[in-house]
Amino acid sequence: MSLKVDVKLDCKGLACPMPIVKTKKAMNDVNDGQIIEVQATDKGSTADLKAWSESVGHQYIGTKEENGVLLHYIRKNDDDNVVEKKFASTITNGEIIDRAASGGIILDVREEAEYAFGHIEGSKSIPMGELEDRLVELDKDKEVYVICRTGTRSDLAAQKLAEKGFTKVYNVLPGIGSWHGDLSNELK
């Protein structure tokens, strides 16, 4: 069944943060109440676009998959009072190893395949799309350093953790894409 949409946006072949960047730009040309269909192949785009939509006040309607392409449906809410939030507490790539050695948790929210091909030794993998269901795996009393490839997905994940009562959360910038240290391929 084909859904009626007002605008279609092709984000196939793009990785985070590009589906969000292109959707954000496309929303400028969409009228209030109209629906945009975002076509993407990045598995992480489901959690990313849902979290981004919620953070800026748009209605995330849902996602379906057709022939390996994820079709995300978002209704524009043109409320001028909604301002995109950025998570305020940040930490740099260079700071997290020392901070984590003092008892913090490095939380990698990239997709499993991204994690498998290179991650910070000792980091914990919980993809953004699984975060709400796996919160019990995190200790609220410890500092949590949330990292992804560019700092976009981790910003949304850090906001989600703060909403769930985590008070010692930091978004790691600029993220794994600019990491200069060793990366591990070992999975436990």
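These are my notebook entries on the strands, helices and a few odd residues of a predicted model.

**Entry 1. The four-stranded sheet**

I began with the sheet whose strand order is β1-β2-β4-β3. This sheet is open and has four strands, and its pairing is mixed. I looked up which strands lie at the edges, and they are β1 (7–11) and β3, each of which pairs on one side only. From one strand to the next, the twist averages 20°.

I then asked what packs on this sheet. Helix α1 (residues 18–27) does, and I found it touching β1, β2 (35–40) and β4. The direction of α1 makes about 155° with that of β1. I noted a second helix here too: α2 lies across β2, β3 and β4. With respect to β4, α2 runs at about 5°.

**Entry 2. The hairpin of β3 and β4**

How many bridges join β3 to β4? I found seven between strand β3 (residues 59–66) and strand β4 (residues 69–75), and the two strands run antiparallel. I wrote down two of the facing residues. Tyr60 stands opposite Ile74 in β4, and Glu65 has Leu70 in β4 as its bridge partner.

Two residues lie between the strands of this hairpin. I checked Asn67, which is in the loop between β3 and β4. Its phi is near 55°, a positive value in a residue other than glycine. I made a note of it because most residues other than glycine have a negative phi.

**Entry 3. Helix α2 against helix α5**

Two packed helices are described by the angle between their axes and the distance between the axes, so I looked up both values. Helix α2 (residues 45–56) and helix α5 (residues 152–163) pack at an angle of about 65°. Their axes are 10 Å apart. I recorded the crossing of α2 and α5 as left-handed.

Which residues meet in this contact? From α2 I listed Asp48, Ala51, Trp52, Glu54 and Ser55. From α5 I listed Arg153, Leu156, Gln159 and Lys160. The residues of this contact divide into three nonpolar, two polar and four charged.

**Entry 4. The five-stranded sheet**

Next I turned to the other sheet. It is open, has five strands, and follows the order β5-β9-β8-β6-β7. The pairing in this sheet is parallel. Its edge strands are β5 (90–92) and β7 (124–125), each pairing on one side only.

I looked more closely at one edge. Three bridges join β5 to strand β9 (residues 169–173), and these strands run parallel. In β9, Leu173 is the bridge partner of Thr92.

Helix α3 (residues 93–101) packs on this sheet. I found α3 touching β5, β6 (105–108), β8 (144–147) and β9. The direction of α3 makes about 95° with that of β5.

**Entry 5. Cis peptide bonds**

Most peptide bonds are trans, so I wrote down the cis ones I came across. A cis peptide bond joins Cys16 and Pro17, with omega about 10°. I placed Pro17 in the loop between β1 and α1. Another cis peptide bond joins Leu173 and Pro174, with omega about 5°. Pro174 is in the segment after β9. I had already met Leu173 as the partner of Thr92.

**Entry 6. Charges over rings**

Last, I asked which charged ends sit over the rings of Tyr170 and Phe166. Over the ring of Tyr170 I found the charged end of Arg99, 5.1 Å from the ring centre. Over the ring of Phe166 I found the charged end of Lys140, 5.4 Å from the ring centre.

Methods:
Residues are numbered from 1 along each chain as its sequence is written. This is a predicted model: local features need pLDDT of at least 70, side-chain atom pairs count only at pLDDT 80 or more; totals for chains, interfaces and linings use all residues. Side-chain values use heavy atoms; hydrogens and water are left out. Two strands pair if DSSP finds at least two bridges between them. Axes are lines fitted to C-alpha atoms, for helices over the stretch in contact, and angles run from 0 to 180 degrees between N-to-C directions. A crossing is left-handed if the near helix is turned anticlockwise from the far one by less than a right angle, and right-handed if clockwise. Contact means heavy atoms within 4.5 Å. Ala, Val, Leu, Ile, Met, Phe, Trp, Tyr, Cys and Pro count as nonpolar, Asp, Glu, Lys and Arg as charged, and the others, Gly among them, as polar. A charge sits over a ring if NZ of Lys or CZ of Arg is within 6 Å of the ring centre and within 35 degrees of the ring normal.
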